[in-house]
Amino acid sequence: MPRLPVTPWILVPLAVVAAAGALAWQRARVPSRADWQAATAAIRAELAPGDGVTWLPEWAGEGRLFFHDLPAFQLSDPGHADLARYDRVWILGAFGRDAGDVAGGHAVLRSQSFGRVDLDLVQVAGPRVVADLRAELDQARVTRVDARGAEKACDFWEGRGWVCDLQKSPDATRACLAASTATRFARMRSDPTCGLPVWFDGPGRYGVGRGPQPVARDVRVIGEAPRPCVWFNPPPGRQIQRITWDARAPEGATLVIDHGFTDHAITDHGWDEARTKPATLRVRRGEAELASWTVAPEKGWRRQEVALAGAGPLILEVSGESDVDAHLCIDATVRIPR
C-alpha cells in the first residue's frame, strides 16, 4: 500500500494542541494559595517544640507567604537532607514531591492532602543536635591571636557577631547604632557604619575583598545553595581567629563542621582566577588538638566530623595564607545518637 505524504504544516496544529494540553496539565498541578494556607494551618494546630517545617520542591515557594512564625527552613538538596536539628519535620509537597524524596530513612508518621499540597509529618532518624554554634554564638568568646601569640578580645557584640576592631568606644558605638533612621542617613558619608568594620566584605577593590572581619551569624550561597552559617574569615597575615565555645558535649558526642567558601569568591567573580587561598581549621579541647585540616579554595559545602574527647570548652581556630576573598563560613554542631 502506498504511503500517503505528510505535509509539514499538518504538524503545526498538532504541536499547538500538545502544548495546550501540557500547559493545562501543569496548571492543574499548581497549588492555590488556599491549599498552602490550609496545610500551614494544620501544622500550626499541632506544632510541637523541636519540630521543623520545609517544602518541596525548593522553587515552589508561594507557600512561604504563610510560613510566618513557623520554624521553616529551606531544603536545597533532599538527597542529602540534614534534619538533625529537629525531632520531627513537617514536609509540604507539591508537583508530585513528598517525604519520599528526602533521604535519611525518616519514618512518615502521617500524610494528609490539602488540595494540591501534600503534607507529611516525619520522625527524624539518625543523630540529633545538642549544641549549635550559630544559635549560641552570642555566648561564645572570640579572640584574635597575632603572630607573636598576643591575644586581642573581640568582645563587642553588635547584634549579629563579635567585632575586634572598633573605631569608637563601645558606648559611643552603641549610641550610634541606636540613633534614628533619619540621623543615620544624615551621616552616611561621614560615618555610615558607626565605626564598625564594613560588614563582612571589607574595603578593597570594588569595595570588597579584605579588611577586619567580625565572627558573625550569616547566610551565604555556598555550593549553589543558601547556608545558614557562622562567618569565620581567616584574618590577615599569620594571625589566628579563635572561638571558645562552652558547648554541651556529652560522652560519645561528635562535632560536625560543615564549611565552605562562598561561591562568589571562588567562581562567581570578575577576576581571571579566584584569589582565595587555602585556610586551616583546627579543633582543640583544653590543650589537646582533636583535628586539623586544610580547606582548599574550591567551590562546595563539605563536612568534617570530629569525635570529641576530654573535657572543657571547644576551641575552633582558623588561619590562612591570605585574607583576600577568604570568605569562609562554618556550621558547627555537636551531635549524639537519638
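**A sheet and a buried glutamate**

Student: Where is glutamate 136 placed?

Tutor: Glutamate 136 sits in helix α3, residues 133-136, where helices are DSSP runs of H or I with at least four residues, strands are runs of E with at least two, and both are numbered from the N terminus. This is a predicted model, in which local features need pLDDT of at least 70 and side-chain atom pairs count only at pLDDT 80 or more, while totals for chains, interfaces and linings use all residues. Residues are numbered from 1 along each chain as its sequence is written, and side-chain values use heavy atoms, with hydrogens and water left out.

Student: Which side chain shares a polar contact with glutamate 136?

Tutor: The side chain of tryptophan 245 does, at 2.8 Å; a polar contact is a pair of N or O atoms within 3.5 Å, where within protein one must be able to donate a hydrogen and the other to accept it, and residues adjacent in sequence count only if both atoms are side-chain atoms.

Student: OK, changing topic: what is the strand order in the sheet?

Tutor: The open sheet has four strands in the order β1-β2-β4-β3, with mixed pairing, and two strands pair if DSSP finds at least two bridges between them. The edge strands, each pairing on one side only, are β1 (51-56) and β3 (107-114).

Student: And how many bridges join β3 to β4?

Tutor: Seven bridges join them, and the two strands run antiparallel, with β4 covering residues 117-123. Serine 111 has aspartate 120 in β4 as its bridge partner.
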